[in-house]
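Open the structure in your viewer and keep the selection tool at hand. The stops below go from one selection to the next and say what is there.

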Amino acid sequence: MRGRLWLNLALALVLAALAAVAWFKPGRTPPPVPVTLTSLDAKAVERIDFYPPRGPAFALLREGPAGDPHWFIERPHLRAQPFRVEAILELLNATSAAQLALADNTDNAFGVDPPQARIRFDGTEIAFGLTNPVGLRRYVRVGDAVHLIDDRYYHHAASTWTDWVDRRVLPEGVTLTALDLPGMMLRRKDAGWQVSPDRPQASADAITALIEEWQRAYAMDVENAASVPTDARAVRLEWQGGALELALAQEGDEWLLYRRDAPLRYRFSANQGKRLLEIAEPTPAKDVPPAAAQADAAAAPTAPIAPDSKPAAEAPLTPPPATASPAAP
């Protein structure tokens with residue numbers, strides 16, 4: 001009995017030793033710690049300066065606390081696209097696939113001196129160089145070091161300020177109180193809307209749908225616009241504590257909304273323009289027979305068919321009687 005106990009104990013020790021070997025893997029070199037481009041905390045960044053290869057330099061500024069930031073273009077003061085800001089902030093902690101010395105940049109083989117584009121996060125600058133054909137990576141310089149990183153940030157660094165403008169026309173979460181469109185004005189009154197001139201055929205749901213289209217209006221594109229066309233028509237949106245003056249013009253089948261406070265315009269498709277400029281017309285009801293008429297038609301008797309009646313037999317076809325041919329003269 002005692003011998004079996006010692007045997008079980010020895011087996012348990014052997015299993016524990018094997019488990020420890022499997023867990024700790026002695027003699028195996030641990031993988032190296034990944035090298036990141038910088039040690040900056042993306043949540044702490046307050047300013048991002050861009051120096052693109054084409055167009056003027058511009059900056060993004062963070063407003064609000066780090067936990068709930070809102071990013072704006074510095075001049076003109078416009079909302080920036082949130083998803084794009086998040087994407088460029090990921091550059092700070094991008095993994096470096098290789099590290100090279102700046103002294104190895106002979107004849108500017110890396111393309112970082114001078115660089116193709118630059119971005120400065122607060123006081124830390126990242127300069128973009130050329131792409132490496134192996135692995136589709138790009139050289140970037142941070143201080144005196146050159147890194148190879150995945151080439152998915154350069155298009156942000158090379159963009160212009162209009163590429164960063166939020167495509168939403170209105171700030172998120174606002175509730176309109178007035179809307180002036182060409183040929184129509186809407187004012188919120190108590191729980192509903194007053195339309196001028198009066199649209200007696202317009203339903204409350206159709207008017208609400210028009211307002212909601214403006215509150216979530218999202219342009220196909222945002223473009224630089226040095227001037228407003230002289231034939232553009234005025235559009236005005238008001239909400240509690242704010243207002244926006246726009247000018248409406250048409251280009252082919254598409255609609256353009258020019259801002260009065262900044263040199264840019266929003267581009268909308270023909271379908272978007274229709275939903276933004278018109279109150280949906282009520283759908284005419286189809287002509288449906290009255291229910292009583294349908295019931296009478298269903299209950300109307302049909303003529304009975306005699307069981308012994310048969311279709312009349314067709315007369316047989318008989319050839320015409322032959323006629324004698326006249327004798328030849």
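Two strands count as paired if DSSP finds at least two bridges between them. Strands (E, at least two residues) and helices (H or I, at least four residues) are themselves DSSP runs, numbered from the N terminus. The model is predicted, so local features need pLDDT of at least 70 and side-chain atom pairs count only at pLDDT 80 or more, while totals for chains, interfaces and linings use all residues. Residues are numbered from 1 along each chain as its sequence is written, and side-chain values use heavy atoms, with hydrogens and water left out.

**The whole protein**

Start with everything shown. The secondary structure comes to 6 helices and 17 strands. Of the 329 residues in the protein, 33% are buried. Buried means under 20% relative accessible area, exposed means over 50%, and partly exposed lies in between (1.4 Å probe, protein chains only). Among contacts (heavy atoms within 4.5 Å) with a separation of 6 or more, 56% are between residues 24 or more positions apart.

**Stop 1: two hairpins**

Select residues 117–121, strand β6, and residues 124–132, strand β7; the two pair in the antiparallel sense over 5 bridges. Within this pairing, R118 stands opposite A127 of β7. The hairpin of β6 and β7 has 2 residues between the strands, and D122 takes a positive phi near 50°.

Now add residues 137–142, which are strand β8; 4 antiparallel bridges join β8 to β7. T131 has R138 in β8 as its bridge partner. In the hairpin of β7 and β8 there are 4 residues between the strands, and G135 in the turn has a positive phi of about 85°.

Show the side chains of R120 and E125. They form a salt bridge, with the closest N and O atoms 2.9 Å apart. The term stands for a side-chain nitrogen of Lys or Arg within 4 Å of a carboxyl oxygen of Asp or Glu. R120 is partly exposed at a relative accessible area of 25%, and E125 is partly exposed at 22%.

**Stop 2: the open sheet**

Which order do the strands of the open sheet follow? The 8 strands run β12-β11-β10-β14-β15-β16-β17-β13, with antiparallel pairing. Select 192–196 and 221–224 to see the edges: β12 and β13 each have a single partner strand, so one side of each is left without a neighbour in the sheet. From one strand to the next, the twist averages 25°. For this and later angles, axes are lines fitted to C-alpha atoms, for helices over the stretch in contact, and angles run from 0 to 180 degrees between N-to-C directions.

At the β12 edge, select residues 184–189, strand β11, which is joined to β12 by 5 antiparallel bridges. R188 has W193 in β12 as its bridge partner.

**Stop 3: the helices on the sheet**

Select residues 204–215. This is helix α4, which lies across β10, β11, β12, β14, β15 and β16 and runs at about 95° to β10. Next select residues 270–277, helix α5, which packs on the sheet and touches β10, β11, β15, β16 and β17. The direction of α5 makes about 60° with that of β16.

With both helices shown, α4 and α5 pack at an angle of about 125°, their axes 8 Å apart. They are therefore oblique to each other. Angles under 35 degrees count as roughly parallel, over 145 as roughly antiparallel, 65 to 115 as roughly perpendicular and the rest as oblique. L210, E213 and W214 in α4 meet R275, L276 and L277 in α5. By class, this contact has 4 nonpolar, no polar and 2 charged residues. Ala, Val, Leu, Ile, Met, Phe, Trp, Tyr, Cys and Pro count as nonpolar, Asp, Glu, Lys and Arg as charged, and the others, Gly among them, as polar.

**Stop 4: salt bridges**

How many salt bridges does a search of the whole structure find? It finds 25.

Select E254 and R267, whose side chains meet in a salt bridge of 2.6 Å, N to O. E254 lies in β16 (254–259) and R267 in β17 (264–268), so the pair ties together parts that are 13 residues apart in sequence. E254 is partly exposed at 27%, whereas R267 counts as buried at 11%. Adding E223, E251 and R265 to the selection completes a network of salt bridges that links these residues with E254 and R267.

Last, select R236 and E238. They form a salt bridge with the closest N and O atoms 2.7 Å apart. E238 is partly exposed, at 26% relative accessible area, and R236 is partly exposed, at 26%.
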